[in-house]
Structures are given as C-alpha cells and as structure tokens.
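User: Please take a close look at one part of this model, the site around the first ligand. I would like a connected account of what holds the metal and what lines the site.

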Amino acid sequence: MAATAPERSKRSPFIVELYRSALGKKYVMAITGIVGLGYVLAHMIGNLKLYQSAEDFNLYAETLRELLYPIAPEGLVLNLLRGVLILALVGHVVAAAQLTAMNRRARPESYRSKRDYVAADFAARTMRWTGVIVLLFLFYHLADLTWAVTPLHEAGDTVYDRVLNSFNNPASAGFYILANLALGFHLYHGVWSLFQSMGWNNRRFNHWRRTLAVAFTVVVIGGNLSFVIAVLTGVIS
Amino acid sequence: MRLTLEVWRQADAATPGRFERYEVDGVTAEVSMLELLDILNAQLVAEGREPVAFDHDCREGICGTCGIMVNGQPHGPEDHTPACLQRVRAFSDGDVVTLEPWRAGAFPVLRDLVVDRSALDRIIASGGYISTATNAAPEALSLPVNKHQSEAAMDHAACIGCGACVAACPNGAAQLFAGAKVAHLAELPQGQVERYERVRSMVATMESEFGSCTNYGECVPACPAAIGLDVIAHLNRDFRTAVVSERRGEVPERTDVRWLARLRGEAWWQSDPDDRPGDTPKRS
Ligand code: HEM
Ligand code: SF4
Ligand code: FES
C-alpha cells in the first residue's frame, strides 16, 4: 500500500469532531467521571454529620438548599449543581452506551476457548454492570431519601428519620450495601483509567495512580458503608 | 511428552469452523509453539489429511507474522514473547492445549489459524508520509535528537505489527498498535511536520475498524515488543491537541473557524487563500 498524504478530513466545530471519535467519547467519560468523583466524595463527607447529631444533619440538608442564600435565590445554587450533575450523568451514560456498542461490533465473535486474563481485572471487566447497578440505585436513592415516595417513610419525617427508616429495613439496607460495593469496583478502575483517557501520563505520578484509586475508593465506599453499618448496629439511632 | 491439541479448523472465511482434537507424541521441551504445529502437520500429511494453516515467517521474533491464541493467551503463556519464540516447556505431559485464531471484527479468519490483519496496514497507510530530506545522505549530527527521546522513539518503533494487542483486547481495540506508531514518530524531529494531521487520520482509520480502549491493559503482557500503556495516553493527548489546538490556530492547517475569523474581521490578513473569504481590502 503506497503511503499518501494524510486525508484532510472535513472540519466540524472541535467539540463535535472530538465527540464523534471514540477517543473524544472517552474524554467525555473521564471528565464527567471526574465531576461524579467530586460529587461522591463531597456527598460522603457531608453525610459524616450523621455522626454528630440529628439536628446537625438536618441543618446540613437544609443549608444545601440555602447555599449562597440570600445572595442567590433559595435553592438556586443547589439546582444549578443538580443540573451539572444530571448533565454529567447523561453524558457519562450515553457515551458509555455508544462505546459499548462500538466495542461489541469490534469483537463480534468471542473466543471459543476460555480466556486467561492477565491484566484485565474484575473491576475493569465489569464497568458496564457496576455502572448500570449504580444508575438503578441512583433512582432508588432519590425516590427513597430525596422525594421520600417509598412506603418506608411517613409524612413529617425529617431527612435524618428517613435515613434511619431506610437503613433499618433489611432489603433497603442491602441495596445500599450492594450499590456501594458496585460503585467501589467502578471507582477502583475508573480513577485509575481516567488518567489514560485524559492523556495524563507522567513518570512522576504514573505509579501513584493505583494508590490514588485505592485510597479514593476506600475513603468514599468505607464512609458510605459505615453509615449503613452504624444504623444497623445501633451506633446511630 | 504427549500433548492433546484442540485446534480450530475452518476451511475458508465463509465456512463455519470447529475445534478438532489431535494427539501429538514425542514432543520435547524446546519445541516452539510453531514447531508443535509443524509436528502435527507432518503427522496429518502422513495420514493423508489436510494440514493446519497458520501464519509464520522469520521464526525469530522480528517479523510479526505469527500469532495464535494458545489456551486463551495471545501467542502463548509467556509474556512479551511471540508464538515462534514460545517453547512448549510451559506444558506438561498429558496437557490439553487449545489453539484458536485471533478474533476481532477487523481480523476475519481466512483459514484455520490464519487471520487477515491488513486492517493494521490501513492504519499505517493513513498515517501518510513524513516530510524529510531524501536524496543524499544527510550530514551526520545535522539533526540533533535528544537522547531520551531517541530511546523512547526506538522503544515505540519496536512494534512488529503482530496484532496480539487486538487479539488480547476484549474490545478488539488497536490502541496499543496505533499508539506505538503515533508515539514513535511524535518523539522525533522528523515526525513533527505532519504530527497532528497524522494522528487525526490514523485515529479515524483505526476507529472505523477497531474498538475503543477501556484501559484493561490486557494488550501489554501480550505484546512481544513490550509496548506500554503510556503510548495510549500519548495517542489520546496528541489527538486532543490536534482537534482542540487546531481551532486556536496553533497547528498550521485550519479552515473550520473562518466564521469566527470573519466575526473578528481578521481573516483578510491570513496568508492561506482559503482563509480569505473575499473581504480583503482592495486598493482603489
Ligand atoms: C456516581 C456515579 C459514577 C461515577 C463517579 C463514575 C465514574 C467513572 C469514571 C471515573 C470512569 C473512568 C473514565 C475513563 O476511563 O476515562 C468511568 C467509566 C465508566 N463508567 Fe462510570 N461513573 C459513574 C456512574 C456510571 C453509570 C451510571 C454508568 C452506566 C450506566 C457508568 C458506566 C461506565 C462505563 C461503561 C465506563 C467505562 C467506559 C470505557 O472505558 O469505555 N458509570 N466511570
Ligand atoms: S503493539 Fe505489540 S502486540 Fe500490538 S501489534 Fe505491535 S508488537 Fe504486536
Ligand atoms: S514468525 Fe516472525 S515474529 Fe514469529
């Protein structure tokens, strides 16, 4: 095959061109993933107030609503944050679905003999499934604690009461634990992987990536699970 | 030693294949994966049966022609070693060894263990030429190259194009291969002229036939040239630079932002006629 001048592709706006490529979609996965990481970390830290007192926790929930109030109208900042998170989630899930479809096409026939994976660990191979579990859980979590539309709650329950109702129910607590384990696997691969996707490669920090992924996962998932366990064992009541 | 081989047999691309079981006796430890197939084929020919088709050429790890899935591992159980240099000493008497062709949408099976890997050539071809002085040999040392960069370029250029990375990847992605090719030229002064056009074009070709990278890393132990995942980060970074910086005019060719230039009223001074949308001030 003769070497020719590289094709000059037709130019679209750079965002469009970037997104059209799978590499660009991975940038979207990584950037929206980073937004998600910021969220799950802040969410865990905020919830540590469960250990202070019911009043502190309820006050924290209330303060979120009044962030920057009275500079901004009540609820505005919270809703802006929600908007960013929803956009990030939609971007993350859509890109994941498109990439998954592309990868299925690229390997239409699987090996008939059993694969012996050396490097691709369980977390990496289950990103799609842990992602879907987290997504389903997210809807349950909102219905449960934000909208309080599940039968576990009564009118007039404070946010703190709802947390107790939810975690004292074995099925609900089980789902919280399962979803956090799934998120843990997702983060363990995701935090490591995003450096590659973002093209961040440097001898100085490459060997810290795994450490960072483990530390991040342990802190966030450890914190989240501790709340459920604390309620189940009566430390929080 | 005595080995049982489960070998994928397929008459041609259109016919469905299946595994067939063969017994091979008297195999010694230093026999290579390919010689194992030679022994089997000698046996099959003696019995008047069709020998197993498989790709091979140099048999010393430099050409990249060999490639088979051995017990679910590309090239075989040893890391960073092509099939021709892998010895059967990894197995013991009585073992069952499964030999399967590499599977990827971009690598159709042609016959038995032979797949068509020309999709990799299409990635290379779309990278195009590099602009450099030819004719007379250049004066030695006329083009200084940083030592670390030349080492890195040599390391990335070690790719033999075997396709084990694609075979190893659950996504059928060719990022390690394309990354190695992009990185080795991007490290050198000769590679700079077409650097960003090249990465764009190679990525487009790659993505039209292969999958996308999920950073499994499964390609790395499979790679005979020990190419590392850093080339994939390199590929991503160069691609981003090509697409994003071009918009800022930091990379020479750019025509997509003419409307922006026109808004700013600056296009008339561009030297590229394509960038002058007819609003050049006229002498009266
Ligand atoms: C709190 C929620 C989530 C966080 C913090 C998160 C975080 C991440 C991060 C950091 C990555 C690595 C990105 C990269 O490799 O560049 C990632 C990858 C991925 N995520 Fe998520 N994620 C979340 C939810 C989800 C959901 C709901 C889904 C799907 C239904 C999902 C599906 C995936 C998939 C499939 C990948 C791998 C993409 C690929 O490499 O091709 N994630 N996630
Ligand atoms: S990168 Fe390694 S595994 Fe992939 S084609 Fe080149 S030599 Fe083979
Ligand atoms: S036959 Fe040439 S590398 Fe194996």
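Analyst: A polar contact is here a pair of N or O atoms within 3.5 Å. The model is a predicted one, and the description below applies that cut-off to the ligand.

Three such contacts may be set out by residue. A:Lys26 places a polar side-chain atom 2.6 Å from an oxygen atom of ligand 1. For A:Ser197, a polar side-chain atom likewise lies 2.6 Å from an oxygen atom of the ligand. In the case of A:His186, the partner is a nitrogen atom of ligand 1, at 2.7 Å from a polar side-chain atom. The elements of chain A that contribute two or more residues to the shell around ligand 1 are α2 (22–47), α4, α6 (127–146) and α8.

A:His186 also takes part in the coordination of the metal. The iron atom of ligand 1 is bound through NE2 of A:His92 and NE2 of A:His186, at 2.0 Å. In sequence these two histidines are 94 residues apart, and the pair links distant parts of the chain: A:His92 belongs to helix α4 (residues 76–106) of chain A, and A:His186 to helix α8 (residues 170–197) of chain A. Both A:His92 and A:His186 are buried.

What is the geometry of the iron site? The iron atom of ligand 1 has 6 donor atoms, and the angles among them run from 86 to 179 degrees. The site is octahedral, because six donors count as such if opposite donors are over 155 degrees apart and all others between 65 and 115.

Beyond the metal, the wider shell can be described. In total, 24 residues surround ligand 1, and the closest are A:Lys26, A:His92, A:His186, A:Ser193 and A:Ser197. Three of these names, A:Lys26, A:His186 and A:Ser197, have already appeared with their polar side-chain atoms. Helix α2(A) gives the largest share of the shell, 7 residues. By class, the shell comprises 13 nonpolar, 9 polar and 2 charged residues.

Why is the site described as shared between chains? The residues that surround ligand 1 come from chains A and B, so the site does not belong to one chain alone but is shared between them.

In summary, the iron atom of ligand 1 is coordinated by A:His92 and A:His186 in an octahedral site, and both histidines are buried. Around ligand 1 as a whole, nonpolar residues number 13, while A:Lys26 and A:Ser197 each bring a polar side-chain atom to 2.6 Å from an oxygen atom of the ligand.

Note on methods:
Residues numbered from 1 in each chain as written. Chains lettered and ligands numbered in written order. Predicted model: local features only at pLDDT ≥ 70, side-chain atom pairs only at ≥ 80, totals over all residues. Heavy atoms only, no water. Donors = N, O, S within 2.8 Å, 3.2 Å for Na, K, Ca; no water. Tetrahedral: all angles 85-135°; square planar, octahedral: opposite > 155°, others 65-115°. Helix = DSSP H or I, 4+ residues; strand = E, 2+ residues; numbered from the N terminus. Buried < 20%, exposed > 50% of the residue type's maximum accessible area, 1.4 Å probe, protein only. Near = heavy atom within 4 Å. Polar contact = N/O pair within 3.5 Å; in protein donor to acceptor, adjacent residues only side chain to side chain. Nonpolar A, V, L, I, M, F, W, Y, C, P; charged D, E, K, R; others polar.
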